[in-house]
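Good morning, and thank you for coming. Please look at the sequence and the structure together while I speak.

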Amino acid sequence: MPIKNRFAELLPEITAWRRDLHENPEILFETHRTAGIVADKLKEFGCDEIVTGIGRTGVVGVIKGRKSGSGKVIGLRADMDALPIHEETGLDYASKTPGAMHACGHDGHTAMLLGAAKYLAETRNFDGTVVVIFQPAEEGGGGGREMCQDGMMDQFGIQEVYGMHNWPGVPAGQFAIRPGAFFAATDLFEIVLEGKGAHAAKPHDGVDPTVMASQVVLALQTIASRNADPVDQLVVSVTSFETSSKAFNVIPQSVTIRGTVRTMSTEMRTLAEERIKAICTLQCQAMGGQAHIDYRPGYPVMVNHDAQTAFAAEVATSVGGGCDEAPLVMGGEDFAYMLEERPGAYILCGNGDSAMVHHPKYNFNDDIIPAGCSWWAEIAEQRMPL
């Protein structure tokens with residue numbers, strides 16, 4: 001079945017919702033206005049149940065089909081939060097909040113799932129129950145984890161769960177997906193390398209943490225190049241290097257380095273943590289200093305389930321005319337927590353030729369709204385046919 005005509009009719013309305021959300025971005029769990037709009041819309045659509053405050057500021061709506069004999073319950077999830085980025089698009093509907101921007105298209109995800117919810121509440125052409133999930137704090141806050149920890153899956157009896165993300169570089173309205181590991185685990189580290197401060201003219205009186213940290217940064221690159229199997233995916237990136245002194249003539253007391261580790265398997269994740277700790281500790285000891293390591297496990301690997309992925313691809317092909325195999329993505333996605341609790345799948349919907357997500361000039365492509373809405377609606381109707 002191609003894109004549903006109803007979504008072509010609703011496109012101006014859904015676009016207006018999306019652009020309003022874009023003008024008023026909210027970060028992490030501070031999605032109070034967005035959650036309020038979502039709850040109001042779901043009530044207006046006639047959802048059978050609306051629950052707010054799940055995962056702090058998450059919203060869940062329940063839509064029952066014309067029949068319920070199948071007993072099936074399908075969850076559809078969209079994220080709502082923005083990023084701490086200053087927008088540079090120059091759009092008429094650009095962010096009105098300095099330092100906050102919908103640079104990942106979550107405004108579009110929310111609007112598309114609202115559009116699908118409106119259609120499903122109007123038609124109810126399915127045998128079972130649809131649970132629409134609007135999640136806060138995907139961008140580093142773990143809102144998906146918090147919604148699961150609040151018991152969402154059991155509370156609403158969700159049996160399968162599906163998510164979607166727009167993707168620049170994929171033709172607008174086309175889809176891409178892959179089974180198994182899809183998005184990477186995202187761990188963080190902050191390491192304080194402590195030496196002994198001294199006058200820059202007398203380095204022998206101190207233990208220079210700048211040299212120590214420089215050696216550590218270089219040594220960390222060997223984890224991927226010399227410790228990991230070359231066919232496995234592993235990224236170790238040092239993204240911040242900060243000394244305790246800004247003076248030109250002072251050897252500082254300490255240096256702090258920060259960074260991220262991206263992996264696609266439990267084995268690589270464990271290896272990276274072990275090697276980072278060993279390299280930092282022993283390198284500092286060899287130079288007469290100390291390493292204080294704060295290693296912070298982040299989102300787990302997001303793993304698509306085989307049967308649900310095949311089904312999601314079939315639906316995407318029926319809606320968009322094709323569904324390609326997606327590449328591995330070394331970015332993180334906290335839909336991983338929902339896929340750890342229930343079988344399901346996550347798909348990419350092409351955003352066309354636009355700036356990449358997390359860029360200050362990125363913009364969600366409103367032309368893909370009918371395709372995205374149709375995919376979510378078809379997931380419900382084809383998984384739970386009358």
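I shall go through the sheet, the helices and a few individual residues.

This is a predicted model, in which local features need pLDDT of at least 70 and side-chain atom pairs count only at pLDDT 80 or more, while totals for chains, interfaces and linings use all residues. Residues are numbered from 1 along each chain as its sequence is written, and side-chain values use heavy atoms, with hydrogens and water left out. Helices (H or I, at least four residues) and strands (E, at least two) are DSSP runs, numbered from the N terminus.

I begin with the open sheet. Its eight strands follow the order 1-2-4-3-5-16-6-15, and their pairing is mixed; two strands pair if DSSP finds at least two bridges between them. At the edges are strand 1 (49–54) and strand 15 (323–325), each of which pairs on one side only. From one strand to the next, the twist averages 25°. Strand 15 runs parallel to strand 6 (residues 175–177), and three bridges join them. Within this pairing, Ala176 has Asp324 of strand 15 as its bridge partner.

Which helices pack on these strands? Helix 2 (residues 32–45) packs on the sheet and touches strand 1, strand 2 (58–64) and strand 4 (129–135); contact here means heavy atoms within 4.5 Å. The direction of helix 2 makes about 15° with that of strand 2. Axes are lines fitted to C-alpha atoms, for helices over the stretch in contact, and angles run from 0 to 180 degrees between N-to-C directions. Helix 10 lies across strand 3 (73–79), strand 4, strand 5 (160–168), strand 6 and strand 16 (344–352), at about 160° to strand 5.

Helix 10 (residues 369–383) also packs with helix 1 (residues 5–23), at an angle of about 115° and with the axes 9 Å apart. Helix 1 and helix 10 are therefore roughly perpendicular to each other, a label that covers angles of 65 to 115 degrees. On the helix 1 side, the contact is made by Phe7, Leu11, Ile14 and Thr15, which meet Ile369, Pro370, Cys373, Ser374 and Ala377 in helix 10. Seven of the contact residues are nonpolar, two are polar and none is charged. In this division Ala, Val, Leu, Ile, Met, Phe, Trp, Tyr, Cys and Pro count as nonpolar, Asp, Glu, Lys and Arg as charged, and the others, Gly among them, as polar.

A second helix pair is formed by helix 6 (residues 209–227) and helix 7 (residues 266–286), which pack at about 150° with their axes 10 Å apart. Their contact residues divide into 11 nonpolar, four polar and one charged.

Strand 8 (residues 185–194) pairs in the antiparallel sense with strand 12 (residues 254–263) over 10 bridges, and with strand 13 (residues 290–299) over eight bridges. Val192 stands opposite Thr256 in strand 12, and its bridge partner in strand 13 is His292.

Turning to aromatic residues, the structure holds nine aromatic pairs. Tyr162 and Phe311 form an edge-to-face pair, 6.1 Å centre to centre with 70° between the planes. Rings of Phe, Tyr and Trp (its six-membered ring) pair if their centres lie within 6.5 Å; planes under 30 degrees apart count as stacked, over 60 as edge-to-face and the rest as tilted. Tyr162 lies in strand 5 and Phe311 in helix 8 (residues 306–320), so the pair ties together parts that are 149 residues apart in sequence.

Terms used. Angles under 35 degrees count as roughly parallel, over 145 as roughly antiparallel, 65 to 115 as roughly perpendicular and the rest as oblique.
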